[in-house]
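Hi,

Here is the structure I promised to pass on to you. Please open it alongside this message, and my notes follow below.

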Amino acid sequence: MKPFFISTPIYYVNARPHLGHGYTTIVADSISRFHRLKGDATYFLTGTDEHGDKIVQAAEAAGQNPQNYVDAISQLFKDLWPSLEISNDSFIRTTDEAHKKCVQHVLQEVFDKDDIYFAEYGGHYCFGCERFYTDKELVDGKCPDHLTAPTYIQEKNYFFRMSKYLEPLRRHIEEHPEFIQPERYRNEVLSMLKEDLGDLCISRPKSRLTWGIELPFDKDFVTYVWFDALINYISALDYPNGEKYLRYWPGAHHLVAKDILKPHAIFWPTMLMAAGIPLYKGLRVHGYWTVNETKMSKSLGNVIAPLDMAQKYGLSAFRYFLLSEMSFGQDSSFSEEALVGRFNADLANDLGNLFSRTLAMTHKYFAGQVPECGEILEQDREVLEIGQTSMDNFQTQFGNFQFSRALKSLWDLIRHLNKYIDSTAPWTLYKNQDLIRLGTVIYIVLEGLRKVAVHLWPIMPTVSEVMHEQLGTKFILENVDLETEMASWYGLVPGTIVANQSNLFPRQELEKPEDKPKTPSKPKTAPKPPAPSQPDMACPECIDFEDFTKIDLRVGTVISVEPHPQADRLLVLKVDTGEDTLRQVVAGIAEFWSPENLVNRQVIVVANLKPRKLRGLVSQGMILAVKQEGGLQLLTPSASVLNGSKVS
Ligand code: MSP
């Protein structure tokens, strides 16, 4: 079994967990689940960083002693993770006795090698970052991260001879492109290494700070925050002799955001070199979440609590959104509108609707039993090929931390399955009693959905398990073989009973509808009568723009569909166009669309058409469609939008 170890940063306990912490930990969880799916020996570590000036200040501000304070905040992080389906194997705290011992052990080894020395130093110290800044690194004399002026501090301290290891580190990075990724951060580190970075101050005199780990070779000093914090990655594995260390460290990967690139890309590997410990395999660096394009901050009151979002929109939606929205490595803006939009488009429309209509058809046509897969025709082979490419791309991209690309690849299969149903028209096969062909089509879609469920487990574990159950199977991690999933399309056993209904992702509306007009906004003033149009000699049939604007086109979602009691050709749709009541639209589409395939779809409605009766039933508008040989396609927005949105 290949080892795969993944860590998050250990979070400072001076603030409650927020979206940024939630994101990193959800990413780490997803990647560790993915490696478990692959059958790798996987270990996932997270925890809290509890020493240093910042923590003492926060404890003082809260009127508590440091130990009580860190116990309480650390517990907040620990308690949060299970509600976000975080499956960490352990939770480290830098106040754990075993961790302190391990830090002292490493310090002693490096000291014995003469790579730690005592000297006087004066420099610009940022308390936010807990480190000294060189003049060059400051921007207008301020810390670029906290935008505060650092404090000049001069004192005697212990230093780690980092400079000795910078050249070997540079060579390692050059020779191992996978060591730091994405590439932009690798380049950033290579350019940092061109500067004279010097040595690293690793201590604080106890006269100034007592809340830290005592140096084993000088009782008057405690270790400086990074030398303490970074060692958590091996202390949690019981370094130096622990079985866990021997098993997992060879597959070590660290996940961090860009704010702590330098400590992880430069301090940590040089510390490892000095201590004679093999380097980690990979550092993966992501960008920052802003909120509606603004930096998250307590003072702006825009700090997003991950649990609030998970409770409001569902954990699966939240996890899916974070992974699909952020292009790993780049910054991304969080907004509830974007979350709801993506949820409705990708999860409710594309996946949820496909899943529920396929189960419904299995019940309608085969009494709920998975049918036999008959002869594979060209049209089916195309699905199998698209499926294979989609899974192959998903697996490669997910493994390379390209989560949003990986999900797009998986959605290629989902969208193709939707198209496949539309083009094979199972309802027509049923009407013609072509049950063998119908069975093949339904089997292929059910099996495709099972494959989707397997691949979604790292991102949405519960949804994946529910999909398995509704398909009459059970998700058993040990039985999953991703290679076989790609190579064969016959995992589902014919005769298995599937659920008769499913509502994986009920459509969402933004919670504050008063912010957005739900009903189509009425023009404030009566529209001006169009100026009498002059015939245009170049285009005699053309209409004026004003004529076009007279047509009120609105987006609506089909809520229910019934056959017209008096006409086979007609269906009676109830459509939500964002008004107080549903609109009834009678449409001549029964030949092409079965009722269950219309429900939940967004359509474009001509909303200001004079109502008229069609075979006794009033139709309040019409829906737009394209008729082509062999079918009728409905017009729909390319992503889900609020009902009642104007089409222009
Ligand atoms: N304690 C140090 C890390 C020591 S690791 C040996 C620390 N803690 S922290 O609480 O400030 O956490 C920083 C990390 O939180 C970032 O690297 C990132 O993982 C996450 N995030 C915090 N804010 C974030 C955003 N706005 N966006 C994305 N992730 C961010 O630094």
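Domain 1 and domain 2 bury about 1400 Å² between them, with 78% of that area on carbon and sulfur atoms. On the side of domain 1, R33, F34 and L37 lose the most area to domain 2, and together they make up 46% of what that side buries. Helix α1 (residues 19-37) supplies the largest share of the side of domain 1 that touches domain 2, with 9 residues. Please keep in mind that this is a predicted model.

In terms of contacts, 14 residues of domain 1 meet 17 residues of domain 2. The rule finds 0 salt bridges across this interface, and 2 residue pairs there are in polar contact. The centres of domain 1 and domain 2, taken over C-alpha atoms, are 42 Å apart.

To find your way along the chain, you can use the domain assignment: domain 1 covers 3-286, domain 2 covers 333-487 and domain 3 covers 545-634.

There is also a sheet to look at. It is open, with 4 antiparallel strands in the order β5-β4-β6-β8. Strands β5 (131-133) and β8 (200-201) are at the edges and have a single partner strand each, so one side of each lacks a neighbour in the sheet. Strand β6 (residues 151-160) runs antiparallel to β8 and is joined to β8 by 2 bridges; F160 stands opposite L200 in β8. Helix α10 (residues 261-275) lies across β5, β6 and β8, at about 30° to β6.

Happy exploring!

Best wishes

Methods: Residues are numbered from 1 along each chain as its sequence is written. This is a predicted model: local features need pLDDT of at least 70, side-chain atom pairs count only at pLDDT 80 or more; totals for chains, interfaces and linings use all residues. Side-chain values use heavy atoms; hydrogens and water are left out. Two strands pair if DSSP finds at least two bridges between them. Contact means heavy atoms within 4.5 Å. Axes are lines fitted to C-alpha atoms, for helices over the stretch in contact, and angles run from 0 to 180 degrees between N-to-C directions. Domain bounds come from an automatic or database domain assignment. Buried area is the accessible area (1.4 Å probe) that two parts lose on being put together, summed over both. A salt bridge is a side-chain nitrogen of Lys or Arg within 4 Å of a carboxyl oxygen of Asp or Glu. A polar contact is a pair of N or O atoms within 3.5 Å; within protein, one must be able to donate a hydrogen and the other to accept it, and residues adjacent in sequence count only if both atoms are side-chain atoms.
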